[in-house]
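Q: Hi! I have a protein model open and would like to go through it with you. Can we start?

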Amino acid sequence: MERAYIGLGSNLADPQRQLRGALQALAELPQTRLVAVSSLYASDPLGPADQPRYVNAVAALDTDLQPLDLLDALQRIELAQGRERKAERWGPRTLDLDILLFGERLIDEPRLKVPHYHMQARPFVLYPLAEIAPAELALADGRRLADLLAACPFSGLERLADAGVTAAVTSVTRR
């Protein structure tokens, strides 16, 4: 099994509920085990400013799925939760699931880039990732998570109360 880190984000249709549903769906993926989930964070949108703030988290999975198979599964979860793919980049969405890291692999496919592009400049990715990743984590391209954190201020972020996410995840991971 390989460890994959998944970024979760939502700013529509009760974002905390969207993330809880996505975590339950991740826990039910075949050949996959949900092993950790970060706290939830509210973050300012990257795209148009006239949209609601996002709720973000990072989940760790141990999986035997291949990267593109995992990507397909994540996109099915997004669609099941009402995701509509529109031309507007960084617009509002019910659910966004991104493969941030996949084992020690560097992936450069038309549909998938790992490590996830621009994650080094996204505090809503780095800070939740740092909660659940080993302190000495190095990305497959050689960058260290600690160095990325040092260069990425905790700005525009607000750590949210648990909101039942831990209980929801614990219930599905104990099955």
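Q: Is Y41 buried or exposed here?
A: This is a predicted model, and in it Y41 has 3% relative accessibility. The cut-off for buried is under 20%, so Y41 counts as buried.

Q: Cool. How many aromatic pairs are there?
A: The structure has two aromatic pairs. In one of them, the ring centres of Y41 and F154 are 6.2 Å apart and the planes are at 70 degrees.

Q: Why is that pair called edge-to-face?
A: Planes over 60 degrees apart count as edge-to-face, and the planes of Y41 and F154 are at 70 degrees, so the pair gets that label.

Q: Where do Y41 and F154 sit along the chain?
A: They are 113 residues apart, so to speak in distant parts of the chain. Y41 belongs to strand 3 (residues 41-43), while F154 is in the loop between helix 4 (145-150) and strand 8 (157-159).

Q: And what about the accessibility of F154?
A: F154 has 40% relative accessibility, which counts as partly exposed.

Q: Which residue makes an aromatic pair with F154 at 5.0 Å?
A: That is Y127. The pair is edge-to-face, with 90 degrees between the planes. Y127 lies in helix 3 (residues 123-132), 27 residues from F154. Together, Y41, Y127 and F154 form one aromatic cluster.

Q: New topic: what sits over the ring of Y117?
A: The charged end of R122 does, 5.3 Å from the ring centre.

Q: Back to strand 3. What does the side chain of S43 make a polar contact with?
A: With the side chain of N56, at 2.6 Å. S43 is in strand 3, and with a relative accessible area of 3% it is buried.

Q: What else does S43 touch?
A: Leaving out residues up to four places away in sequence, S43 touches R53, Y54, N56, F124, G156 and L157.

Q: Now the inside. Which residues touch the most other members of the largest nonpolar core?
A: I6, L8, L26, L70, L97 and I99 do, in a core of 30 residues. Among the elements that each supply at least two residues of this core are strand 1 (2-10), helix 1 (15-27) and strand 5 (96-102).

Q: What does L26 touch?
A: Not counting residues up to four places away in sequence, L26 touches L8, T32, A59, L61, L74 and I77.

Q: How many residues are in the other core?
A: That core has 20 residues, including A60, L100, A133 and L139, and lies apart from the largest one.

Conventions. Residues are numbered from 1 along each chain as its sequence is written. This is a predicted model: local features need pLDDT of at least 70, side-chain atom pairs count only at pLDDT 80 or more; totals for chains, interfaces and linings use all residues. Side-chain values use heavy atoms; hydrogens and water are left out. Rings of Phe, Tyr and Trp (its six-membered ring) pair if their centres lie within 6.5 Å; planes under 30 degrees apart count as stacked, over 60 as edge-to-face and the rest as tilted. Helices (H or I, at least four residues) and strands (E, at least two) are DSSP runs, numbered from the N terminus. Buried means under 20% relative accessible area, exposed over 50%, partly exposed in between (1.4 Å probe, protein chains only). A charge sits over a ring if NZ of Lys or CZ of Arg is within 6 Å of the ring centre and within 35 degrees of the ring normal. A polar contact is a pair of N or O atoms within 3.5 Å; within protein, one must be able to donate a hydrogen and the other to accept it, and residues adjacent in sequence count only if both atoms are side-chain atoms. Contact means heavy atoms within 4.5 Å. A nonpolar core is a set of buried Ala, Val, Leu, Ile, Met, Phe, Trp, Tyr and Cys residues joined through side-chain atoms within 4.5 Å.
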